[in-house]
Amino acid sequence: MNDTAPHTGLLDRISDRIGLAASWMTLAMVIVTFIVVVMRYVFDAGLIWLQESVTWMHAAVFMLGAAHTLQHDEHVRVDVFYRDMSERRRAIVDLFGLLAFLWPMCGFLAFTAWDFVAVSWSIGEASREAGGLPYPWIPLLKTVLVLMPLTVALQGLAMALRAVQTIRGAR
Amino acid sequence: MEWMALLLFTAVIGLLLAGFPVAFTLGGTALVFAGAGVLTGTFNEALLSGLPNRIFGIMTNETLVAVPLFVFMGVTLERARIAEDLLETLGALFSALRGGLGVSVTVVGMLLAASTGIVGATVVTMGLLSLPTMLKRGYSPEIATGTICASGTLGQIIPPSIILVMLGDVMTTAYQQAQLTMGNFSPKTVSVGDLFAGALVPGLLLVGLYILYIVVTAIVKPSAVPPHESDGSRVSLVRVLSALVPPLALIFAVLGSILAGIATPTEAAGVGGMGALLLAVLRRQLTLERLREIMRSTLSISSMVFLILIGASLFSLVFRGYGGDDAVHQVLESLPGGIVGAVVLVMLVMFLLGFVLDFIEITFVVVPIVAPILLAMGLDPVWLGVMIAINLQTSFLTPPFGFALFYLRGVAPEAVSTAAIYRGVMPFVAIQVLALILLALFPSLVTWLPAVLYGN
């Protein structure tokens, strides 16, 4: 929700910038898909790399947008009870969730993805399809496997600071 | 260690109720269980090392690329006020008809709900748009709220909804798995297009039944659905056509090209997104500010959906690691009543889970566990997908826990009592159950259209 996301602090600004920049790729996806369709059905030409670029942008969008989505509290919650909780209660749930779920998950994802990404860079991986995306697009995309958890964890830090403030302030 | 799997499932449901975002609760809880297992030597940590590869598989899943594109199309149609226009015009057009406003709410719900995968969003939009008008026209709160809840959730099961795209993708994998376990190594496939085709007739059947109920109520009980007294302002044909034709043409073109097998869902969604942009430009509704908002919305809905998928895949990795799917397999196989018993149990469990989990979570968490087993028993994958979809929609409507009811309560005026919402939705729940029974008795309602279109 927009009203609960005051644009304070460096962490929020980072998430916001990355998310808004990445969001342009949604428009690009629509346009490029349209071009691919026109090329295929009108000119009978299949451009594999162009088609792969749509998948590439799609993946980059949701991975790089994850922190922004967290900042705006748009990751779906089961809010049967959360909805009726006091501000303080909610802050406690958030802080607990960050410590028990979000940070461990982000840490684990970044940790296990590290080698996966490093290997891709070191072998100069390119698309397996002939005429697909050349190096370095595939390693670049794999790199978001590390970037996503890092940015989400940082946004989690902003969330934690806010939660602590709420818990203190409500006393 | 199957009991660990059961404990994991129970723990996840319990912890989700606390209200922390689903994606991280799913993944985080699974990690805690995996960690405990590694420490006690009951969980093979090597299972988790394939995780980055699995996530990269999600990122490059070509079927699911259709999701953000459909979201983009839907959000654009919504922000360009095309839905509002449609509702107003249809309402005016049908005003002569008894129950006309109710009918137009149903039709618009069917058309517009395709845009988002979140139960709440459509119900809220429909509630804000049409509840005040319906009450002003003298509709009883019961029938007004019932119609809105039912129509607001209806769009989820009518193609081209993103729910069906996701369910289709999960079904594809499940069907392959099922056939491999049956020893069929050149498996038949099921696609998102099949599911779209299969859901069309049942979806329209539901629309028909809703409309029938509203019209019959209008005739039998005019106090609940009063005839509309014309305020003298007649809508011109030009206005009707200009509000109605472009969005309808767009939706039919998108759906038609998929059903006719001309385009993949992804291609159709991309062209649909372009069409929606064009419509918005022609209506002079597209400013840079609004475009930014459309892109931002698409990004966060997409991120929300796919992070749940990532969390869910971590969950199912650990669930499988503890032998959870074997346990579920044994239970389903050993039920009295064989396949019927298994389907009834699965549907019942999903119905109950629908009280706490949204469509996306159930699709990504529960369906991959149960669908391969049920399909290996010989069920038709398209039929199963459609049954799951309608079953969940019913769950979202059922008092006192149905999702849709909470969301509508949130936007309904105080004068409308919660009890009225509950009473109002009950006939629609009955219609849903009737539809489920019909589909169970006559599976060809689902399988006929895909067979005609794709001949399998």
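Select Pro381(B) to begin, and show whatever lies around it: apart from residues up to four places away in sequence, Pro381(B) touches Met171(B), Tyr175(B), Val190(B) and Leu375(B). Keep in mind as you click that this is a predicted model. Pro381(B) sits in helix H17 of chain B, which covers residues 381-397. With a relative accessible area of 6%, Pro381(B) is buried, because buried means under 20%. Now add Leu195(B) to the selection and draw a distance between the two C-alpha atoms: they are separated by 8.5 Å, although the residues are 186 apart along the chain.

Next, colour helix H9 of chain B, residues 162-181. The end C-alpha atoms of this 20-residue helix are 29 Å apart, and at 1.5 Å a residue the span should be 28 Å, so the two values agree. Turn on a surface and ask: how many of the 20 residues of H9(B) are buried? The count is 14, so H9(B) is largely enclosed by the rest of the structure. Step just past the end of H9(B) to find Gly183(B), which takes a positive phi of about 85 degrees.

For a contrast in setting, go to Pro336(B), in the loop between H14 and H15 of chain B. Is Pro336(B) buried or exposed? Its relative accessibility is 68%, and exposed means over 50%, so Pro336(B) counts as exposed. Draw another C-alpha distance, this time from Pro336(B) to Ile162(B): the separation is 35 Å, with their positions 174 residues apart along the chain.

Move on to helix H1 of chain B, residues 2-16. Its 15 residues reach 21 Å from first C-alpha to last, close to the 21 Å expected at 1.5 Å a residue. Show the side chains of Met4(B), Ala5(B), Leu8(B), Val12(B), Ile13(B) and Leu16(B), which are buried. What do the buried residues of H1(B) pack against? Their partners are helices H2 (22-39), H13 (288-321), H14 (324-333) and H15 (338-353) of chain B.

Another stop inside chain B is Thr147(B), in helix H8, residues 141-154. Its relative accessibility is 2%, so Thr147(B) counts as buried. Leaving aside residues up to four places away in sequence, you can pick out its contacts: Gly102(B), Val105(B), Thr106(B), Met134(B), Ile214(B) and Phe428(B).

Now bring chain A into view. At the interface, 63 residues of chain A are in contact with 63 residues of chain B. The two chains bury about 5,400 Å² between them, and carbon and sulfur atoms give 79% of that area. Select Val78(A), Phe101(A) and Met105(A): these supply 14% of the area that chain A buries against chain B, more than any other three residues.

For the polar side of this interface, look for two salt bridges between the chains. In one salt bridge, the side chains of Arg296(B) and Glu74(A) meet at 3.2 Å, N to O. Ten residue pairs are in polar contact across the interface.

Finish by colouring the chain A helices that each supply at least two residues to the side touching chain B: H1 (9-41), H2 (48-64), H3 (66-71), H4 (87-122) and H5 (137-169). If you colour that side of chain A by residue class, you will find 42 nonpolar, 14 polar and seven charged residues.

Methods. Residues numbered from 1 in each chain as written. Chains lettered and ligands numbered in written order. Predicted model: local features only at pLDDT ≥ 70, side-chain atom pairs only at ≥ 80, totals over all residues. Heavy atoms only, no water. Helix = DSSP H or I, 4+ residues; strand = E, 2+ residues; numbered from the N terminus. Buried < 20%, exposed > 50% of the residue type's maximum accessible area, 1.4 Å probe, protein only. Contact = heavy atoms within 4.5 Å. Buried area = accessible area lost by both parts, 1.4 Å probe. Salt bridge = Lys/Arg side-chain N within 4 Å of Asp/Glu carboxyl O. Polar contact = N/O pair within 3.5 Å; in protein donor to acceptor, adjacent residues only side chain to side chain. Nonpolar A, V, L, I, M, F, W, Y, C, P; charged D, E, K, R; others polar. Expected span 1.5 Å × (residues − 1).
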